[in-house]
Amino acid sequence: MAFFNDLTQKAKDVAAVAADKAKDAAELTKLSVAVAGEQREIDKNYRTIGEWFVNEYEGEIPDAVRDMVEAVAASKAKIAELEAAKAALKDSVAAIVEESAEKACPICGAKADSKFCPQCGAPMNS
């Protein structure tokens, strides 16, 4: 009966890790979509700046365009924030994957992802 309890617990653990990975993947996709949205906003603002500038002025940026330049700078700052959040989430996902791959030795407690403990040589629980 203990075997089935252990098997059930391991299945629950695997399901929990899979759910966390799926949630993290969805978050990464959400951040990528947000970055793409900000990039489109930058492109739109640059296009507007360029069209206006070419039609009206050559050689200097007048005050009327400064709002667009500031909007582009704000979008670039937002992209930097989103990329930082994306990198942090990727690091978190990598840590979860690395952590779930390691097992604790039943004899000495050392952590490893092999079939035998590198410290004492005991078989690792699968």
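**Exercise 1. Surroundings of L31**

Task: In this predicted model, determine which residues L31 is in contact with, leaving aside its neighbours within four places in sequence, and identify the core that contains L31.

Solution:
1. Once the neighbours within four places in sequence are set aside, the contacts of L31 are L82, A85, K86 and L89.
2. L31 belongs to the largest nonpolar core, which has 10 residues in all. Two of its contacts, L82 and L89, are listed in that core as well.
3. The remaining members of the core are L28, V35, I42, I49, V65, V72 and I79.
4. At least two residues of this core come from helix 1 and at least two from helix 2 (63-101).
5. There is also a second, separate core of six residues, with C105, A110, A112 and A122 among them.

**Exercise 2. The position of N45**

Task: Locate N45 in the secondary structure, decide whether N45 is buried or exposed, and list its contacts beyond four places in sequence.

Solution:
1. N45 is part of helix 1, which covers residues 2-56.
2. The relative accessibility of N45 is 5%, and the limit for a buried residue is under 20%; N45 therefore counts as buried.
3. Leaving aside neighbours within four places in sequence, N45 is in contact with M68, A71 and V72. Of these, V72 is also a member of the largest nonpolar core.

**Exercise 3. Salt bridges**

Task: State how many salt bridges a search of the whole structure finds, and describe the residues K44 and E41.

Solution:
1. The search of the whole structure yields one salt bridge.
2. This salt bridge joins the side chains of K44 and E41, with an N to O distance of 3.5 Å.
3. Both residues lie in helix 1, three residues apart, which is about one turn of the helix.
4. K44 has a relative accessibility of 40% and therefore counts as partly exposed. E41, with a relative accessible area of 32%, is likewise partly exposed.

**Exercise 4. Cysteine pairs**

Task: Give the number of disulfides in the structure, and explain why C108 and C120 form no bond with the closest cysteine sulfur.

Solution:
1. The structure contains zero disulfides.
2. For C108, the closest cysteine sulfur is that of C117, at 3.5 Å; a disulfide requires sulfur atoms within 2.5 Å, so this pair is too far apart for a bond.
3. For C120, the closest cysteine sulfur belongs to C105, at 3.6 Å, which is also too far for a bond.
4. C108 counts as partly exposed because its relative accessibility is 41%. C120, at 40% relative accessibility, counts as partly exposed too.

Technical notes
Residues numbered from 1 in each chain as written. Predicted model: local features only at pLDDT ≥ 70, side-chain atom pairs only at ≥ 80, totals over all residues. Heavy atoms only, no water. Helix = DSSP H or I, 4+ residues; strand = E, 2+ residues; numbered from the N terminus. Buried < 20%, exposed > 50% of the residue type's maximum accessible area, 1.4 Å probe, protein only. Contact = heavy atoms within 4.5 Å. Salt bridge = Lys/Arg side-chain N within 4 Å of Asp/Glu carboxyl O. Core = buried A, V, L, I, M, F, W, Y, C linked by side-chain atoms within 4.5 Å.
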